[in-house]
Amino acid sequence: MHPLARPRRNRATPAIRRLVRETRLSVDQLVYPLFLHADDTDTPIAALPGQTRWSLQGLLPRAQETADLGIPAVALFPKIDPKLKDPTGAESANPDGLIPQAVRLLKQHLPDLLVITDVALDPYNADGHDGIVNDQGLIENDPSVEALCKQALTHADAGADLVAPSDMMDGRVAAIRQTLDTNHHQNTAILSYTAKYASAFYGPFRDALDSAPPTQKPTDSIRGPAPPKPIPTNKSTYQMDPANRREAHREADLDAHEGADILMVKPALPYLDVLRDLRELTPLPLAAYHVSGEYAMLQHAAAANALDLRDATLESLTAIARAGADLIFTYSAPEAAQWLNP
């Protein structure tokens, strides 16, 4: 046996493997999601090992550590006091709310750190949905978009670099773009959650924000007061069906034409085929979210000595980049930064 082609020659040493590597994972690609609450103390999140709900006092040092690691961006997600929640999510547009306060704090002290804000109603909505639920239990699209525009403008006024609508309402990118431009925020970018699936991998995130819809529908009664309005127990009428692939092409085309600057696929690993499709479809930068369930599985498996956390995490992030992601939202960003730049 004398084969002329021996691919193993390009794998023979660490140096040659580095030289011919096709996908190069970099700290420059990482976005670190941070959870916030209005409490005075920083609280570990049981469902997400290693993650914390940060107070405003604790946020700044953590963000400074993030910047010092070379991570270019953070994404902010709030846990809102239940007393501030209502069926319309009105607190989402409060200019003195938790997120605007956090944005102003970060931009004052760390102006070069990119701040991305989540634009969705579910943290603020008493019904636990990304949109407004009407009396018949339907998610109202257009009134929800109006509320999202107010929220996005509030974030832009506070100094957010990118607003990230994660709600999956129809037409919201165009409406937010028009709202921002009309109010002199032409340079505030939109990172659209373009293909956000109704996934089972969001559970720890919803625990962290206390933002899940109700798990049971109210039962009708022939006696007593009228039952409360029915509230959907899942988000399948607006987030995408996990079985669908071509539908993501349509969403990407719409978002691009409506003025999105970056497109997102969420979750990441179960939808690498979708990410690859969009990479071939659009010249826009692509983001992917390595979501809470994906992160938690690695953490628990490593704690059980079932795998090596460093190797499994870097392999996962490399796979996401290989599929086409230009930027990756990951709770492992600080650790990955240290592993990539020891």
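Which side chain does Asp96 meet in a salt bridge? In this predicted model, the partner is Arg104, and the N to O distance is 3.8 Å. Asp96 counts as exposed because its relative accessibility is 55%, which lies over the 50% cut-off. Arg104, at 34% relative accessibility, counts as partly exposed.

**Salt bridges**

The structure holds 15 salt bridges, and the pair of Asp96 and Arg104 is one of three set out in the table below, each with the distance between its N and O atoms.

| Salt bridge | N to O distance |
|---|---|
| Asp96 and Arg104 | 3.8 Å |
| Arg279 and Asp326 | 2.7 Å |
| Arg310 and Asp311 | 3.2 Å |

Arg279 and Asp326, whose closest N and O atoms are 2.7 Å apart, link distant parts of the chain, since Arg279 belongs to helix α8 (residues 272-281) while Asp326 sits in the loop between α10 and β12 (327-330), 47 residues apart. Arg279 counts as buried because its relative accessibility of 19% is under the 20% cut-off, whereas Asp326, at 36%, counts as partly exposed.

In the pair formed by Arg310 and Asp311, the closest N and O atoms are 3.2 Å apart; Arg310 has a relative accessible area of 36% and is partly exposed, and Asp311, at 43% relative accessibility, also counts as partly exposed. Elsewhere, Asp122, Asp130 and Lys235 are joined into one network by salt bridges that share partners.

**Pockets**

The largest pocket holds about 320 Å³ of space and is lined by 13 residues, of which Arg21, Thr23, Leu25, Leu314 and Thr318 lie nearest its centre. Helix α10 (residues 309-323) supplies eight of the lining residues, the largest share from any source. By residue class, the lining of this pocket divides into six charged, four nonpolar and three polar residues.

The second largest pocket holds about 180 Å³ of space. Its lining includes Ile139 and Asn141, together with Met168, Met169 and Asp170, and further along the chain Ser236, Thr237, Tyr238, Gln239 and Met240, with Glu247 and Glu251 also taking part. Here the lining residues divide into five nonpolar, four polar and three charged.

Which residue class has six members in the lining of the largest pocket? The charged class does, while in the second largest pocket the charged residues of the lining number three and the nonpolar ones five.

Technical notes. Residues are numbered from 1 along each chain as its sequence is written. This is a predicted model: local features need pLDDT of at least 70, side-chain atom pairs count only at pLDDT 80 or more; totals for chains, interfaces and linings use all residues. Side-chain values use heavy atoms; hydrogens and water are left out. On a 1 Å grid over the protein atoms alone, a cavity is a set of points where a 1.4 Å probe fits but cannot get out, and a pocket is an open set with protein on both sides within 12 Å along at least five of seven lines; lining residues have an atom within 4 Å of a point. Grid points are joined across faces, edges and corners, and a volume is the space filled by probe spheres set on the points. Helices (H or I, at least four residues) and strands (E, at least two) are DSSP runs, numbered from the N terminus. Ala, Val, Leu, Ile, Met, Phe, Trp, Tyr, Cys and Pro count as nonpolar, Asp, Glu, Lys and Arg as charged, and the others, Gly among them, as polar. A salt bridge is a side-chain nitrogen of Lys or Arg within 4 Å of a carboxyl oxygen of Asp or Glu. Buried means under 20% relative accessible area, exposed over 50%, partly exposed in between (1.4 Å probe, protein chains only).
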